[in-house]
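Q: Please take a close look at the salt bridges of this chain, and place them against the strands and loops around them. A careful, connected account would suit me better than a list.

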Amino acid sequence: MNVSEFNYNLPEELIAQIPIEKRDESRLMILNRKEQTIEHKKFKDIIDYLEPGDVLVRNNTRVIPARLYGKKETGANVEFLLLNHIEANIWECMVRPGNKLKIGTKVTFGEGLLKATILDIMPGGTRKVEFHYQGIFNEILDQIGLMPLPPYIHEELKQKDRYQTVYAKYNGSAAAPTAGLHFTPELLNQLEEKGITIADVTLHVGIGTFRPVKEEIVENHEMHSEHYEIKQEDVEKINQAKKNGNRVIAIRNYFL
């Protein structure tokens, strides 16, 4: 399949730059494949399309403020994006400008709150980076890091929590599982009251979200792996639903 088959025109003025005040008031398009019809609803109407006994599987990963702006010893500006925690204080990072950040380069962030040393150049051009700091790493990130918004969002995010799902729990993602951003606690309660079971999986969204497809033939594109975890209790919820003949519906990025 040629990558050009996925091309479509999306006028930039139709891309919302700031989140709607009430998450579940966002627009929802319903495509009925059997009837070949399209309806336009609000996201909270999703409850009408789920049935008692269904299992809704959501991703409870939490986005870290993984975008960092710093300076080399020369004073040149650089940008880091934390992608994958390797061990201890060592991370895999996407860096800009890549050709200027060679092995051994030292970078300072937040007027010295955080420092970094490039240890190695990894496959695909990412860097293996060791960070140096005093205190708690996540607290420093909260202080000086920025949310890694998609490239089509140009407005500054004023509230970091608006780029988290309301059920985000475990730190580790470089980007939000965006399809879940429209759920509210009230809507989730209504779903459970209707008899829909909620199951959780933790999948940390990584570099694949930011890396474009460069191959002309889609099948030749090398997919980036991501870490996931699921508890036994959630496995049992899913297996029981399948055994009973009920639906298992995953909240996936960009579509449900």
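A: The account below begins with the chain as a whole, turns to the salt bridges, and then follows the strands and loops around them.

The model is predicted, so that local features need pLDDT of at least 70 and side-chain atom pairs count only at pLDDT 80 or more, while totals for chains, interfaces and linings use all residues. Residues are numbered from 1 along each chain as its sequence is written, and side-chain values use heavy atoms, with hydrogens and water left out.

The secondary structure comes to 3 helices and 14 strands, where helices (H or I, at least four residues) and strands (E, at least two) are DSSP runs numbered from the N terminus. The C-alpha trace spans about 60 × 40 × 35 Å along its principal axes. Of the 256 residues, 37% count as buried, a word that stands for under 20% relative accessible area, with exposed for over 50% and partly exposed for what lies in between (1.4 Å probe, protein chains only). Among the contacts in the chain with a separation of 6 or more, 62% come from residues 24 or more positions apart, a contact being heavy atoms within 4.5 Å.

As to the charged pairs, the count comes to 8 salt bridges, each defined as a side-chain nitrogen of Lys or Arg within 4 Å of a carboxyl oxygen of Asp or Glu. Lys-42 forms one of them with Glu-25, the closest N and O atoms being 2.9 Å apart. This pair links distant parts of the chain, with Lys-42 in strand 2 (residues 37-42) and Glu-25 in the segment before strand 1, 17 residues apart. Glu-25 also takes part in a salt bridge with Lys-44, here with 2.8 Å between the closest N and O atoms. Lys-44 lies in the loop between strand 2 and strand 3 (55-59), whereas Glu-25 lies in the segment before strand 1, so the pair ties together parts that are 19 residues apart in sequence. Glu-25, Lys-42 and Lys-44 are thus named as linked in a network of salt bridges. Both lysines are partly exposed, Lys-42 with a relative accessible area of 41% and Lys-44 with one of 33%.

Another salt bridge joins the side chains of Arg-247 and Asp-54, at 2.6 Å from N to O. Arg-247 is in the loop between helix 3 (232-244) and strand 14, and Asp-54 is in the loop between strand 2 and strand 3, so that the pair links distant parts of the chain, 193 residues apart. Arg-247 is partly exposed, with a relative accessible area of 36%, but Asp-54 is buried, at 2%.

The loops that hold this pair lead on to a sheet. Strands 13, 12, 3 and 14 form, in that order, an open sheet of 4 strands whose pairing is mixed. Its edge strands are strand 13 (228-229) and strand 14 (248-250), each of which pairs on one side only. Two strands are said to pair if DSSP finds at least two bridges between them, and strands of a sheet pair through backbone hydrogen bonds, either parallel or antiparallel. Strand 12 (residues 197-203) and strand 13 pair in the antiparallel sense over 2 bridges, and Leu-203 has Tyr-228 in strand 13 as its bridge partner.

Elsewhere in the chain, strand 9 (residues 114-121) pairs antiparallel with strand 8 (residues 106-109) over 4 bridges, and 7 bridges join strand 9 to strand 10 (residues 127-133), again antiparallel. Val-107 has Ala-116 of strand 9 as its bridge partner, and Leu-114 stands opposite Tyr-133 in strand 10.

A loop residue offers a contrast with the charged pairs. Gln-164, in the loop between helix 1 (137-144) and strand 11, is buried, with a relative accessible area of 4%. A polar atom of the Gln-164 side chain lies 2.7 Å from the backbone oxygen of Val-63. Not counting residues up to four places away in sequence, Gln-164 touches Arg-23, Arg-62, Val-63, Met-147 and Leu-181.

Notes
A polar contact is a pair of N or O atoms within 3.5 Å; within protein, one must be able to donate a hydrogen and the other to accept it, and residues adjacent in sequence count only if both atoms are side-chain atoms.
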